[in-house]
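Here is a friendly walk through one structure, written with a computational chemist in mind. Have the viewer ready and follow along.

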Amino acid sequence: MELNSRVPSGPIERKWDKHRFEMKLVNPANKRKYTVIVVGSGLAGASAAASMSELGYNVKCFCFQDSPRRAHSIAAQGGINAAKNYRNDGDSIYRLFYDTVKGGDFRAREANVYRLAQISVEIIDQCVAQGVPFAREYSGLLANRSFGGAQVSRTFYARGQTGQQLLLGAYQALEKEVASGGVTMYPRTEMLDLIVIDGRARGIVVRDMITGVIRSHVGDAVVLGTGGYGNLFYLSTNAKGSNATAIWRAYKRGAAFANPCYTQIHPTCIPVSGEYQSKLTLMSESLRNDGRVWVPRKPGDTRPPGQIPEAERDYYLERRYPSFGNLAPRDIASRAAKTVCDEGRGVGPGGLGVYLDFADAIARLGTQTIRERYGNLFEMYQRITDEDPYRVPMRIYPAVHYTMGGLWVDYNLMSTIPGLHVIGEANFSDHGANRLGASALMQGLADGYFVLPGTISNYLAGHKPDQVDASHPECRRIEEEVSARTGRFLAIKGTRTVDSFHRELGRLLWDKCGMTRNAAGLREAIAEIPRIREDFWRDVNVPGSDAELNQALEKAGRVADFLELGELMCIDALHREESCGGHFREEYQTEDGEAKRDDEHFAYVAAWQYAGPDQPPRLNQEPLSFEYVHLAQRSYK
Ligand SMILES: Cc1cc2nc3c(=O)[nH]c(=O)nc-3n(C[C@H](O)[C@H](O)[C@H](O)COP(=O)(O)OP(=O)(O)OC[C@H]3O[C@@H](n4cnc5c(N)ncnc54)[C@H](O)[C@@H]3O)c2cc1C
């Protein structure tokens, strides 16, 4: 497999401009002859579909929700980064680029990250023009706050609902194109396979989730903006529906899967409260602007927080990372929370929690200011825990939140299958081994509004719009495979629910491939997952039929894919004998417990290639070089 990153030559700050000039264009009169299939209508998919339709292409857009407005992107709370330097606090495109490369622990492609930082400033203008109600200062300028891993304030926000407001902007743009006939929207339609004809991605096989009808859609290129796979762990902050099926089926058709083991564990989530919980709730990182994280100094201290005097508290982030304090990046803050809990200093039921305390901020700024900044987040916390965070500190604990891994893409966002483009959280690019807060929305919108519309034109310009028909034998063959698989789930009629297998897999991965990993644990998981998979295919019970709305059937397909991807994740984590970002191998740490990279042997993207059923995946490497941000041990001290 060839991994050509297609990074343009020249100085980093000129690469994107030069590339835009050198890319081929499609004559405006010819654009309507091309059909582009976009799977996903979250921030990445909706912005891409709307922008390509605006350019003149025919777009077919698919999502499994009843409306694009319900994509997982709507959950994003805290904000979106952009190097506008409104605060005049020393920010610049270069600083955002630098922070992102360093924050990702030197495992991202420099050229992509620089482009992302450049485009960040355009995204804000675009969204403001759409009417996204960003918070403003008294002067009228857009307000900013800080997120982890940065010493400047560059995060734009709309209270604690930034994703929702941005998605409404993208949705409006999409609906305008639907109304004008440029986009045909297919809600409640799940992509279950990719159609590759003559080596090019030419379409998808979908199931209508209401009627169960399976059919093909064909086009000149396919774009996946299908989100992340954090739900592999069962418990995560992701929307319950988020899954890996689209990218996993594309992997099995030849798209390389990059860095599957890079998972982000977010430090500030509401702790797990019981065995049968099905979902975890994020408390936005923005809260760490004003909240102080602490635990009692003494292990086993069960006094209520208000009775623990200042001198007996350990503000461990401020102590260990004085320069960044409570705004240490997510991977570091999560591991620090795990460490204090492992020492027996955790708080709340089971000792799996730390305090996020607003008492000082309330004393300094007043309750009203705190309410204005975080009101909806405080209300959400109170509703879930029945504790009032204006009076007692929040209790938080790390939880699975985001996946930096995804399908490998080149600088044009094209996968290793020609014509298959991947955007947003579904691809692997830009965040390396650890994503900085407020950078996912930035990346999804950069990909959708600005990068893909140009790079896909470049691809299409090289191919005549020769329509493949949905009656093509390859479409028929894949439809039959999809139907057979659906039938297989229903025929098993075993004794266990799909969820019970999902929970079992999730617990195993959290224990063996979660916040920390080691070789012995990963080997155990690699031995155990095929056993769970075998049990699943023998004993799962999927009630109902395939000719109706059947959520158990939908879940069965998704969990079957998680059962395969989970194994690849552990294989990747085992082979990467170093610690970097969210991938913390216990064997590779510095004396003070920080991640210890091995740049000599592992400064590469691990792009795994499917080699057939029951065959080990093949490893391909894209070497990473750092010309601008020099390789160094990450320090936030
Ligand atoms: C609780 C929470 C808060 C967050 N807050 C922030 C924040 O403040 N700032 C930030 O930068 N990031 C944040 N993130 C991360 C960010 O929200 C996501 O990374 C981002 O929204 C992903 O956008 P996306 O468009 O790539 O995918 P999604 O929004 O997940 O959209 C995926 C789309 O693909 C469709 N789809 C998937 N599979 C299929 C299929 N097989 N067939 C058909 N359709 C399919 C879905 O229907 C959906 O439309 C947060 C994440 C969480 C969980």
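The report below covers the ligand site, two sheets and the salt bridges.

**Around the ligand**

Please keep in mind that this is a predicted model. A good place to begin is the shell of residues around the ligand, which holds 37 residues. Those that come nearest are Gln-65, Ser-73, Gly-78, Met-191 and Glu-425. By residue class, the shell splits into 16 nonpolar, 18 polar and three charged members.

Some polar contacts are worth picking out in the viewer. The table lists contacts in which an N or O atom of the protein faces an oxygen atom of the ligand.

| Residue | Part of the residue | Distance to a ligand oxygen atom |
|---|---|---|
| Ser-73 | side chain N or O atom | 2.5 Å |
| Ala-44 | backbone N or O atom | 2.9 Å |
| Ser-439 | backbone N or O atom | 3.4 Å |

How much of the ligand does the protein bury? Taken alone, the ligand exposes 1,000 Å², and 97% of that is buried by the protein. Several elements give two or more residues to the shell: helix 3 (43–55), strand 6, strand 15 (394–403) and helix 12 (440–461). Strand 6 provides the largest share, with three residues.

**The antiparallel sheet**

Strand 6 also leads us to a sheet. Together with strands 7 and 8 it forms an open sheet of three strands, in the order 6-7-8 and with antiparallel pairing. Its edges are strand 6 (189–197) and strand 8 (214–218), each of which pairs on one side only. Neighbouring strands here are turned by 30° against each other on average, direction ignored.

Looking at one pair in detail, strand 7 (residues 200–208) joins strand 8 in the antiparallel sense over five bridges. Within that region, Gly-203 stands opposite Val-218 of strand 8.

**The parallel sheet**

Strands of a sheet pair through backbone hydrogen bonds, either parallel or antiparallel. The next sheet is of the parallel kind: an open arrangement of five strands in the order 5-2-1-9-17. Which strands stand at its edges? They are strand 5 (183–186) and strand 17 (420–422); each has a single partner strand, so one side of each is left without a neighbour in the sheet. Neighbouring strands in this sheet are turned by 20° against each other on average, again ignoring direction.

The partner of strand 17 is strand 9 (residues 221–224), and the two pair in the parallel sense over three bridges. One bridge to look up here links Val-223 with His-421 in strand 17.

**Salt bridges**

Finally, a word on charged side chains. The count of salt bridges comes to 58. As one example, the side chains of Arg-20 and Asp-17 meet in a salt bridge, with 3.0 Å from N to O. Where do these residues sit relative to each other in helix 1? Arg-20 and Asp-17 are three residues apart in helix 1 (residues 15–22), so about one helical turn separates them.

Terms used. Residues numbered from 1 in each chain as written. Predicted model: local features only at pLDDT ≥ 70, side-chain atom pairs only at ≥ 80, totals over all residues. Heavy atoms only, no water. Pairing = 2+ DSSP bridges. Helix = DSSP H or I, 4+ residues; strand = E, 2+ residues; numbered from the N terminus. Axes fitted to C-alpha atoms, helices over the stretch in contact; angles between N-to-C directions. Near = heavy atom within 4 Å. Polar contact = N/O pair within 3.5 Å; in protein donor to acceptor, adjacent residues only side chain to side chain. Areas by Shrake-Rupley, 256 points an atom, 1.4 Å probe, with all protein chains shown as cover. Nonpolar A, V, L, I, M, F, W, Y, C, P; charged D, E, K, R; others polar. Salt bridge = Lys/Arg side-chain N within 4 Å of Asp/Glu carboxyl O.
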